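The following exercises concern a predicted model. Please work through each task before reading its solution.

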Amino acid sequence: MGYFIGVDVETLTWVSTRRVVINVDATPVTPVIADYNQEYPAGAYFIKAIEGNGLIRANVLAGGPQINFTENTAPIEDYFIADGFVDPYPEDMVGNTVQTSTSAFILIIDAFDTGQAAGLDGTSPVTDFEWFENIS
C-alpha cells in the first residue's frame with residue numbers, strides 16, 4: 001500500500017494535484033482518505049509512475065488520470081483511451097507498450113485524445129503499462 005501526504009478534499013494541497021493512475025477495467029478498490037494521508041490498497045486498480053515518488057501531475061477538475069481498455073468482440077477492434085493526463089505526459093509516453101493478459105500494443109498520441117484502436121486479441125484489464133507499475 002502507499003501513503004501520500006496531503007488533504008485530498010481541498011484543491012489547494014499538494015496531493016490534490018498529484019495522482020496515481022486508475023486502471024478502470026481492473027477490479028475496483030477504494031482508497032482510504034484521512035486528514036493527512038491517502039492510502040491506496042495494493043493491486044492492479046491503482047498504478048504509479050516507476051520514477052520519483054510514483055505520483056504524476058493531474059488536472060484536479062478532471063479527477064486525475066485513468067486508462068480504459070475496452071475489449072470488443074471481433075471484428076470490432078479493442079479500444080484504449082488514456083484520459084486526464086496533462087502535459088508533458090502524453091507526448092512522453094507515446095511509443096510505450098501497453099500489455100493485457102493476451103495482447104500488447106504501442107501507445108500512439110490518439111490514445112490521449114479520441115482513443116486508439118488496440119487490435120483484436122486483448123483481454124482486459126491492462127496488466128502492464130511501460131512507465132507505470134501496480135501499487136504493491
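**Exercise 1: the setting of Thr100**

Thr100 is buried, its relative accessible area being 1% (buried means under 20%, exposed over 50%, partly exposed in between, with a 1.4 Å probe and protein chains only). Residues are numbered from 1 along each chain as its sequence is written. In this predicted model, local features need pLDDT of at least 70 and side-chain atom pairs count only at pLDDT 80 or more, while totals for chains, interfaces and linings use all residues; side-chain values use heavy atoms, without hydrogens and water.

Task: Determine which residues Thr100 touches, leaving aside those up to four places away in sequence.

Solution.
1. Locate Thr100 in strand S10 (a strand is a DSSP run of E, at least two residues, numbered from the N terminus).
2. List its contacts (heavy atoms within 4.5 Å): Phe69, Gly122, Thr123, Pro125, Val126 and Thr127.
3. Note that the Thr100 side chain reaches the backbone nitrogen of Thr123 at 3.4 Å.

**Exercise 2: the sheet**

Task: State the strand order of the open sheet of three strands, and identify which strands stand at its edges.

Solution.
1. The order is S11-S10-S13, with antiparallel pairing (two strands pair if DSSP finds at least two bridges between them).
2. S11 (104-106) and S13 (126-129) each have a single partner strand, so they stand at the edges, with one side lacking a neighbour in the sheet.
3. S10 (residues 97-100) pairs with S11 over three bridges, and Gln99 stands opposite Ala104 in S11.

**Exercise 3: Pro28**

Task: Decide whether Pro28 is buried or exposed.

Solution.
1. Pro28 lies in the loop between strand S3 (21-23) and strand S4 (32-33).
2. With a relative accessible area of 60%, Pro28 is exposed.

Note on methods: Helices (H or I, at least four residues) and strands (E, at least two) are DSSP runs, numbered from the N terminus. A polar contact is a pair of N or O atoms within 3.5 Å; within protein, one must be able to donate a hydrogen and the other to accept it, and residues adjacent in sequence count only if both atoms are side-chain atoms.
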